[in-house]
Amino acid sequence: MASDASQATSRYKAALALLDEAKLKVNTATNYYLKLVKENADGTNTGRFLFLSQDSSKKLGQYTDSSAPYLTAQYCVLLSDGSYMTSTALGTGPHKDDTLYTHWSSNFNPLGSMKIIDGGHGSMFGAEESGGITYLWITSKNYDSANARWRLTRVAFTGGATYSPNDSALRVLYGFPTYDTIRTMYDSKNDYPAITRTDNTIQVLDKGSLMSGSLNVLKTVSLKAAGFDANTQTFQSASLSYPYLFFQTGSYSGKDTPEIYAIDVTNEVPQFSQAWNTGKFGMAYSLAEPEACYVYPDGDGLSVLISFNNHVAGVSGHIQYFYKLPVVNASKELVNAKKQLDIENKDLATAQTTFNSALALYQKYSTANSTVKKYTDAKNKAQSKVTSTQNKINTLNKQKNSITKELKKATGSKKTKLTKQLKNINNSLSAYNTKLKTAKGKLSNAKSNLKKYDKDFKKENAKLLKSLVTSNIAEDLGGTKNAYITPHNPGSAESYAILQPDSIDVDGQSTITSHTVVKGQPYSEYSSNSNRTTTLTGSMTGDMDQLKKKWLRMETWRENGVILRYIGKGSMANVFISDLGRTIDKDYLNTMPYTLTLEQVRLANSNTAAAKKATSKSGKLNRTKGSGKSKSKKNTIVVKSGDTFAKLAKKHKVSVTNLKKWNGPKLIKGKRVRIA
């Protein structure tokens with residue numbers, strides 16, 4: 001127990017040091033980020049571009065789907081008076097393709113609706129406010145024309161109106177063929193109409209030309225340049241505030257992550273791409289389909305209006321949520337500082353979790369040690385009292401014997417004096433014998449308490465030891481999924497081995513009797529299965545002295561037939577090491593190549609290990625039909641000239657702290673080091 005308690009203390013101190021270091025890094029990163037934020041606000045920073053802060057989102061309103069106009073909002077536009085305009089695909093009409101445009105107050109009370117027959121999906125539109133009239137730039141459809149099926153259209157919003165595809169109120173500006181699906185948007189600040197095309201491009205158009213019936217494309221930008229992948233992502237909506245285009249993606253089912261993008265259409269330079277952290281928005285349900293993405297001027301900058309169709313399986317009333325997020329002009333240095341701050345905060349959370357685990361173990365061992373000390377001190381004190389009392393009794397008995405001898409020869413006054421002394425000694429002996437009896441009783445109780453606690457703590461210590469082994473394994477794995485083995489009943493906190501295999505071979509075989517099988521009888525009565533074996537080949541990495549200790553430990557497990565747990569590809573709850581070999585053809589630095597064969601153990605029940613130690617095997621087992629083989633990525637590299645911990649951490653997506661913990665404080669050219 002003492003060594004385990006010592007390691008628990010060491011782990012606690014190390015975890016505390018890492019936690020303090022992580023806190024310091026977060027503090028440093030925070031101060032640097034705030035410094036850049038201030039510089040950016042003062043206008044003293046350079047290299048500006050756009051950045052979106054989800055932490056600054058503001059809820060604008062919500063409503064629950066029921067009946068028109070309270071339906072799913074495919075798109076939403078903010079008007080100059082603070083009211084809103086939304087579009088909804090109704091799924092009604094001759095082609096099940098009608099669109100409803102609804103005007104809402106600033107607190108989402110309906111003010112009026114306009115229906116467009118064959119208005120398309122209605123996922124995007126724009127609003128132009130002129131002379132007290134709100135003109136909507138929309139997509140309408142003409143099912144009677146294949147060459148002009150999709151139509152870029154301008155119409156004045158009129159509450160209560162219903163317009164057919166050929167109504168004179170719809171000013172059709174340009175038509176596109178059936179195969180060229182378009183969606184429409186409008187930059188109200190700069191008077192730029194824009195459309196999406198089937199090839200996943202966005203085109204900024206000249207308004208004057210459109211009003212004259214011709215198409216003049218000013219700019220074309222590919223969504224792919226911003227990071228959009230049409231094969232794996234679902235495009236939802238977009239908005240233009242020249243020169244910036246914003247768009248968002250994400251499916252109704254949630255199969256692809258909801259994300260928002262921004263790109264400069266003049267040079268196709270991506271501004272940002274972010275996955276929506278929908279948990280921050282306080283919505284009722286788990287699934288949030290992105291809908292509207294409308295960017296508009298807000299003071300000296302920009303804001304984005306976004307909406308989500310919030311739903312969950314089995315519930316009919318979807319909830320439409322609307323939010324506003326500010327867009328800031330940020331420097332790349334500022335955004336990188338924010339990303340670094342996020343990384344440091346994540347590392348801090350990991351360090352805190354590790355510390356909490358280490359602290360819990362440390363406190364349990366500290367409590368155990370304190371209790372043992374308490375009972376041991378009580379036993380020692382009682383033992384000391386018994387010893388001192390017994391010594392006093394022995395001294396008094398010697399005095400008594402001496403006086404008794406003298407008394408036989410004494411006469412007169414001397415005899416009287418000795419008789420008195422003898423009486424006093426007898427009285428003292430009586431008192432000390434009583435004290436001795438009491439002291440022995442206390443000693444017996446102290447021994448009994450210590451023995452009982454020792455017995456009880458053996459079980460608790462076994463649990464603590466397993467917890468300590470689990471914590472050590474998790475720390476050494478560092479978030480990776482490497483294979484490892486550990487005894488069911490570990491003997492110490494180091495009773496495990498991280499294997500880092502490069503290849504894993506799994507073998508197993510079933511046979512059935514050659515005799516006739518009785519029809520109707522279970523085939524299991526005529527078949528037998530060989531024990532499954534798993535052969536791992538790879539290289540363990542780390543400090544060479546520690547690797548040698550691990551190797552000797554594994555040798556001991558093999559020699560003694562220790563039952564182990566194997567966690568990894570083809571995990572097995574009960575195995576033993578049937579074969580163990582390592583490469584010694586040359587000197588290796590902090591690397592130990594190995595070949596390890598694990599054989600499955602079949603236990604008769606939870607208390608009886610029926611498996612016997614297998615005979616030692618030389619060479620590999622013959623592979624049988626049905627055996628599988630899998631490869632895992634190598635977890636080590638050879639250090640090259642110019643490599644630094646920072647470069648390796650960035651390249652392999654691992655923290656500098658873990659790299660130093662696994663490989664020591666320095667990198668040596670030509671040395672093989674662990675990177676996962």
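## Sheet S7-S8-S9-S11

Four strands form an open sheet in the order S7-S8-S9-S11, with antiparallel pairing. The model is predicted. Two strands sit at the edges and pair on one side only: strand S7, residues 126–130, and strand S11, residues 171–176. Neighbouring strands are turned by 20° against each other on average, direction ignored.

One pairing in this sheet joins S7 to strand S8, residues 133–141. The two run in the antiparallel sense over 5 bridges. Within this pairing, serine 130 stands opposite isoleucine 133 in S8.

## Sheet S16-S17-S18-S19

Another open sheet has 4 strands, in the order S16-S17-S18-S19. Its pairing is antiparallel. The edge strands are S16 (235–241) and S19 (269–275), and each pairs on one side only. The twist from one strand to the next averages 15°.

Strand S18 covers residues 259–264. S18 and S19 pair in the antiparallel sense over 6 bridges. Glutamate 259 has its bridge partner in S19, namely alanine 275.

The loop between S18 and S19 holds glutamate 268. This residue has a positive phi of about 55°, although it is not a glycine. Is glutamate 268 buried or partly exposed? Glutamate 268 counts as partly exposed, because its relative accessibility is 32%, and the partly exposed class runs between 20% and 50%.

## Backbone exceptions

Aspartate 191 also has a positive phi without being a glycine; the value is about 55°. Aspartate 191 lies in the loop between S12 and strand S13, residues 192–196. With a relative accessible area of 36%, aspartate 191 is partly exposed.

Two cis peptide bonds come next. One joins alanine 68 and proline 69. The other runs from tyrosine 242 to proline 243. Both prolines sit in loops. Proline 69 is in the loop between strand S2 (58–64) and strand S3 (75–78). Proline 243 is in the loop between S16 and strand S17 (244–249). The table gathers these backbone items.

| Site | Backbone angle | Loop |
|---|---|---|
| Alanine 68 to proline 69, cis | omega about 5° | proline 69 between S2 and S3 |
| Tyrosine 242 to proline 243, cis | omega near 10° | proline 243 between S16 and S17 |
| Aspartate 191 | positive phi, about 55° | between S12 and S13 |
| Glutamate 268 | positive phi, about 55° | between S18 and S19 |

## Cavities

How many cavities of 30 Å³ or more does the structure hold? There are 2. The largest cavity has a volume of about 40 Å³.

Its lining falls into stretches of sequence. Tyr186, Asp187, Ser188 and Lys189 are among the lining residues. Leu240 and Ser241 line the cavity too. So do Tyr294, Val295, Tyr296 and Pro297.

Which elements give two or more residues to this lining? They are strand S12 (183–187), S16 and strand S20 (287–298). S20 gives the most, with 4 residues. S16 thus has two roles here: an edge strand of its sheet, and a contributor to the lining of the largest cavity.

## Alanine 288 in S20

Strand S20 also holds alanine 288. Alanine 288 is buried, because its relative accessible area is 10%, and buried means under 20%.

What does alanine 288 touch, leaving aside residues up to four places away in sequence? Its contacts are Pro258, Thr278, Met283, Phe308, Asn309 and Asn310. Threonine 257 lies 31 residues from alanine 288 along the chain. The C-alpha atoms of these two residues are separated by 9.9 Å.

## The chain overall

The chain has 8 helices and 34 strands. Of its 676 residues, 43% are buried. Among contacts with a separation of 6 or more, 60% are between residues 24 or more positions apart. The accessible surface comes to about 35300 Å². Carbon and sulfur atoms account for 50% of that surface.

Methods: Residues are numbered from 1 along each chain as its sequence is written. This is a predicted model: local features need pLDDT of at least 70, side-chain atom pairs count only at pLDDT 80 or more; totals for chains, interfaces and linings use all residues. Side-chain values use heavy atoms; hydrogens and water are left out. Buried means under 20% relative accessible area, exposed over 50%, partly exposed in between (1.4 Å probe, protein chains only). Contact means heavy atoms within 4.5 Å. Accessible areas come from the Shrake-Rupley method with a 1.4 Å probe; for residues, only the protein chains shown count as cover. Two strands pair if DSSP finds at least two bridges between them. Axes are lines fitted to C-alpha atoms, for helices over the stretch in contact, and angles run from 0 to 180 degrees between N-to-C directions. On a 1 Å grid over the protein atoms alone, a cavity is a set of points where a 1.4 Å probe fits but cannot get out, and a pocket is an open set with protein on both sides within 12 Å along at least five of seven lines; lining residues have an atom within 4 Å of a point. Grid points are joined across faces, edges and corners, and a volume is the space filled by probe spheres set on the points.
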